[in-house]
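User: Could you walk me through how to read a few features of a protein model? I'd like the general idea each time, then the case at hand.

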Amino acid sequence: MKLVQNRYQIDGLDVIDICEKYGSPVYVYDTSKMRYQFEKMRNAFSDVKMNICFACKALGNINILKFFQKMGSGLDAVSIQEVQLGLKAGFKPKNIIFTPNCVSIEEIQEGVRHGVRINIDNISILEQFGHLYGNTVPVGIRINPHIMAGGNSKISTGHIDSKFGISIYQLPHVLRVIETNRMKVEGLHMHTGSDILDVEVFLRGTEIMLETAKSFHELEYIDFGSGFKVPYKSDDYYTDIDLLGKDLTKLFKKFCKSYGRDLTLIFEPGKFLVSEAGFFFARVNVIKQTLATVFAGMDTGLNHLIRPMFYDAYHQIINVSNPKGKQRIYTVVGYICETDTFGWNRKINEIREGDYLVFLNAGAYCFTMASNYNGRLRPPEVMIHEGKDYLIRQRETLDDLLRNQVEVEL
Ligand SMILES: *Cc1c(COP(=O)(O)O)cnc(C)c1O
C-alpha cells in the first residue's frame, strides 16, 4: 500500500474507491506482493532442487490457490477438504502434500485414493498404513526434532509437549515398523512452528533432519516445513531468507553428495507468501470517549479477525481516510459482545466517525479463521491482480446463516 498525493493505493488502485465499491468490511489481497515473496524464496534457493508448497490453511480462496498453481507452486494441505480444493484449483496430485495431524486412517486412505503425497505424524497410523499398503504406496514421515521455536505456544509445534510429529527419540521404533512392513519412505518432514526468528534455529533443525535421513535409503525429498517470520510491526524483522538459503543449501548439497542422490528440498510457507499481501478494511462506527481512553468502535470484530484476541497478535492499523490528520491515541475495538480489542493505545491519525481503517498483514490466518459469531455475516474478499480488482467471494447474506439449519415443528 502506497500513499500517493494523500490517497492510499494498492497496485495503482485507490483504496477508498475499493471500500466504497465493495462495502465495509472487506478483505483485499494483492497478488503482486505474493509473487514478489514467492520469487524471493525461489531465488534464495536457486542452487538446489527446491519446491515451494503454499500452505493452504493460511488463505484458502480458490483464486489464490490457482494463482500459486500457475506460478509453479505446490500445495500443503492439512485436511482432505484442502486436498480436494487443491485438486479443484488444478494442482497435480503429486504436487500436493497432505500433512494432517490426528486424522483417521480413513481420511489418509482418501488422500491415497486422490494420489497425493502423504505425510504421517504418528506411529499408530504409520503401522496401519504399512499393513494396508506395504511397499505399494510411498509415504513421508513427520519428525518432531524438539526444537523450541515460534512466537506463541499456540503456534509452536516442535517442542517436547507438542502433539505434532513423531519424536526423534522414537526413530528405532519407526524403523522397525518400516522394515517389518517393507514400507517405502520417500520423504522426511518437519515443521517447527510459526514465527521463527532465527536462521540458527532452522539450521539446527536441518542438521537433525539430515542426520535422521541417513537411516532411510529411498528418500526423494526432505520437507523443512515453514515458520518464516514476516514483520507485523514497523520495527519487526524478517527471517533472513537469503542467509538461510545460502547456509541451508550448503548443508543440503553436502548431504546429497554423501547420500549419493540429489534430493528435492521442500518448503511449505503460508505467512511468508501471503501475510503482507492482505489488507482488511473496516469503518469506524463510533468514537467513544471514556474517563481513561478513547475507543474507536468498528463495524467488525473478532469474528472477522481473531488473531489479536487469540494469539495476542499485533496488526498495524492505519486510518486511510485521514492520512495527514494529527496523530492521537486510540484503543481500537470491535462490535462483538465480549472483549474484542484489535489494538490498545495505538497512535493513529485522527479518527472521525465514518473513517476507514486498514489492518495490515491480513493475508494469512485472517479470513480463514473468520466465523459467524454474534450472527454476523462474513465479509467479501477482493483480489487485486495486474492492476485490476476482482470480487472473489461475496459478502454473506442472512440465507448463509440459515443454510444447513433444519427447522422442525415444535
Ligand atoms: C501451518 C503449516 C504451515 C505454514 O506455516 P506458516 O507459519 O504460515 O508459514 C506449513 N506446514 C504445515 C504442516 C502447517 O501445518
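Analyst: Let's go through domains, aromatic rings, charges over rings and cavities. Keep in mind that this is a predicted model.

User: Let's start with the domains. Which stretches of the chain does the assignment give to each domain?

Analyst: Domain 1 takes in 2-28 + 275-402, and domain 2 covers 60-269, according to the domain assignment. Between their C-alpha centres there are 34 Å.

User: And how many residues are in contact between domain 1 and domain 2?

Analyst: In general, an interface's size is often given as the accessible area lost when the parts come together. Here we have contact counts: 15 residues on the domain 1 side meet 14 residues of domain 2.

User: Next, aromatic rings. How is a pair of them described?

Analyst: You give the distance of the centres and the angle of the planes. This structure has 17 aromatic pairs. Take F67 and F68: their centres are 5.5 Å apart with 70° between the planes, and since edge-to-face means over 60 degrees, that's the label this pair gets.

User: Are F67 and F68 buried or exposed?

Analyst: Both F67 and F68 are buried.

User: Which residues form an aromatic cluster?

Analyst: Y27, Y29, F280, F342, F359 and F367 make up one cluster.

User: Where does the charged end of R346 sit?

Analyst: Over the ring of Y314, 3.8 Å from the ring's centre. R376 likewise lies over the face of Y335, with 3.9 Å to the ring centre.

User: Last one: how many cavities are there of 30 Å³ or more?

Analyst: The count is 2, and the largest cavity holds about 50 Å³ of space. Its lining includes P100, C102, N119 and D121, and the lining residues split into 6 nonpolar, 3 polar and 1 charged.

Note on methods:
Residues are numbered from 1 along each chain as its sequence is written. This is a predicted model: local features need pLDDT of at least 70, side-chain atom pairs count only at pLDDT 80 or more; totals for chains, interfaces and linings use all residues. Side-chain values use heavy atoms; hydrogens and water are left out. On a 1 Å grid over the protein atoms alone, a cavity is a set of points where a 1.4 Å probe fits but cannot get out, and a pocket is an open set with protein on both sides within 12 Å along at least five of seven lines; lining residues have an atom within 4 Å of a point. Grid points are joined across faces, edges and corners, and a volume is the space filled by probe spheres set on the points. Ala, Val, Leu, Ile, Met, Phe, Trp, Tyr, Cys and Pro count as nonpolar, Asp, Glu, Lys and Arg as charged, and the others, Gly among them, as polar. Rings of Phe, Tyr and Trp (its six-membered ring) pair if their centres lie within 6.5 Å; planes under 30 degrees apart count as stacked, over 60 as edge-to-face and the rest as tilted. Buried means under 20% relative accessible area, exposed over 50%, partly exposed in between (1.4 Å probe, protein chains only). A charge sits over a ring if NZ of Lys or CZ of Arg is within 6 Å of the ring centre and within 35 degrees of the ring normal. Domain bounds come from an automatic or database domain assignment. Contact means heavy atoms within 4.5 Å.
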